[in-house]
Amino acid sequence: MEILTSLLLALTTVLCVTLFVIRRLLTPAVSAKGTTNIPEPVVARKWPILGHALVFYGVNNMKELLRTLKRIAYKREKVMSFYMGPKLVINISDAKILEATISNSSKCQNKEAEFYHPFESYFTGLFAKNGKVWSALRRPLDRLLHAKNMDNFLNIIAEKAEILCCKLGDQCGQGVFDIKHFMDYYFLDITLEAILNVPGTQQFEDTMNFPKLAARMIVAVFTRVMKIEYRSDWIYSLSPLARKEYKWKEELRPHLKEMVNNCHKHLETTGRDPSDSNFVPENFVEVAIQAGICGNKTEEDVLFSFHDVIIAGFDTSSVASSSAILFLAIHPEYQERAYQEQIEVMKDSFEAPTKEQLSRMRYLDMVFNETLRHVSVPAIARTVSSQFTIDGYIFPEGASLFIFYHTLFHKPEYWERPNDFYPDHFLPEKVAERPKGAFLPFGFGGRVCPGKLFGVQSSKLALSMFLRRFKAATSLKFDEIDYNYMVMLESDKGYPIEITSRQKHLENKLQIALNSSK
Ligand code: HEM
């Protein structure tokens, strides 16, 4: 009997300690002040210490998280609240509520600390930060990426797109290949050269292993986001994943260091001093150096503070453009329409389009937007910094906001054919009918994507050059594709296409015409 009592006591103690530890891990850096009247899930049980945390037990990736949220949001179509231990999370899945949230965007500008903390292993820059560290980097980045600088960028973009097309030319008639492999290096080169003033030569030779390292890091970040035990930096540092992360950073560091050293040399030779209060940075490495001096940052912090702009710059646009080409290959009728528009705007030119010509490619815009609807950033997470109310629902200070764009971009009430690739969703009259909150692929408010114009223009330019030179085909079907939740949604089947040259086709047509006129 005594043994049994001791055993029970020991078990109870272990249980209490475990629950205490879990509760500590679930306790947010910023706790919600007060409660909310936003309805809780219908089908999920709330436990005394854990709240709804058990519902998320076993969720290992973003795809499973979305599935779980959809399941528990049954009957909560607009907005739902749930508790992870003491942490209050509000999930928005209605365009109008999101629009009203945007009008309170200064009250939900800060990124949600726990969700974005794992990003900080690789990105000590603006992406995962809030407050002064964020604004010291964000303001100069907005200046660099301002529309008035786009003309200079377009020259670099056109030059790199020409190289891309030459590389792709070698693939003509050579069978199936993955288009994203080529797009990664094109977008990496333009990001390096235009935004960081680092020579973009990776299309010729991959000396940095950047795309592969980026993909591994992103998987590691999301693994860490989902694993509750990894919220503790100490526990994470003991994990095999942290050891891998260390190795990847070792591989990356010399390249980032070289960029900073070269930038310092350039500053010295041009007599510009980043510690001078009148210093105006001309590229994003200079921004990072200046912010490092002002914020007393370590060398390591400076190195990884511009790394996020490289990843955000090339990865997003590469996924979007590769997906657009794959989707057009799957749908030859839309590819033909996009090609005809190219002929209308560009006639028989193979040159890069100008800004004005790009603006006349309306169908390409529709294709690009429809692509983003399927593959955009799946979700964002924010913290409410000051209480606000929408439709009588209270969003208390300190609550975490979770916005799943992916759900909004596929809601049947906003989209005629939600699960198809259907560029006509973006016909002007259809766009006018739809609430703006139903489609926000570049985010909103102060944290809106600073690279929107750069990303759209460089993608459209590459697509325009591609469509006029090549015809793409694939054996993949649209509904066979499943998606991996990375920064964007990435096709789990890759981006396999075959291409033939339109140039040859045009030459043949010309030859036939010449022959028949003889
Ligand atoms: C098709 C291309 C792109 C898409 C769909 C896209 C999408 C997004 C989205 C949705 C966000 C907001 C994330 C959030 O609110 O948490 C974001 C943020 C960001 N994007 Fe983009 N982006 C693209 C291209 C680019 C490019 C080309 C750059 C850089 C040149 C860039 C740099 C950034 C940065 C630095 C942030 C963080 C901004 C902040 O937190 O203040 N993006 N992007």
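**The ligand and its shell**

Me: How many residues surround the ligand, and which are the closest?
Reply: This is a predicted model, with local features needing pLDDT of at least 70, side-chain atom pairs pLDDT 80 or more, and totals for chains, interfaces and linings using all residues. Numbering runs from 1 along each chain as its sequence is written, and side-chain values use heavy atoms, without hydrogens and water. The ligand is surrounded by 27 residues (a heavy atom within 4 Å). The closest are W134, R138, R382, R447 and C449.

Me: Which residue gives the iron atom its single protein donor?
Reply: The donor (N, O or S within 2.8 Å of the metal) is an SG atom, 2.3 Å from the iron. Its residue is in the loop between α18 (428-433) and α19 (452-469). That residue is C449.

Me: Which side chain has an N or O atom 2.7 Å from a ligand oxygen?
Reply: Three side chains make polar contacts (N or O pairs within 3.5 Å) with ligand oxygens, among them Y116 at 3.2 Å. R447 has a polar side-chain atom 2.9 Å from a ligand oxygen. The 2.7 Å contact belongs to W134.

Me: Which element gives the most to the shell around the ligand?
Reply: The ligand sits in the largest cavity. Elements giving two or more residues to the shell are α5 (131-144), α13 (307-330), β4 (379-383) and α19. With four residues, the top contributor is α13.

Me: How many shell residues are nonpolar?
Reply: Four shell residues are charged. Six are polar. The nonpolar ones number 17.

Conventions:
Donors = N, O, S within 2.8 Å, 3.2 Å for Na, K, Ca; no water. Polar contact = N/O pair within 3.5 Å; in protein donor to acceptor, adjacent residues only side chain to side chain. 1 Å grid on protein atoms, 1.4 Å probe; cavity = no way out; pocket = protein on both sides within 12 Å on 5 of 7 lines; lining within 4 Å. Sits in = over half its atoms within 2 Å of the grid points. Nonpolar A, V, L, I, M, F, W, Y, C, P; charged D, E, K, R; others polar.
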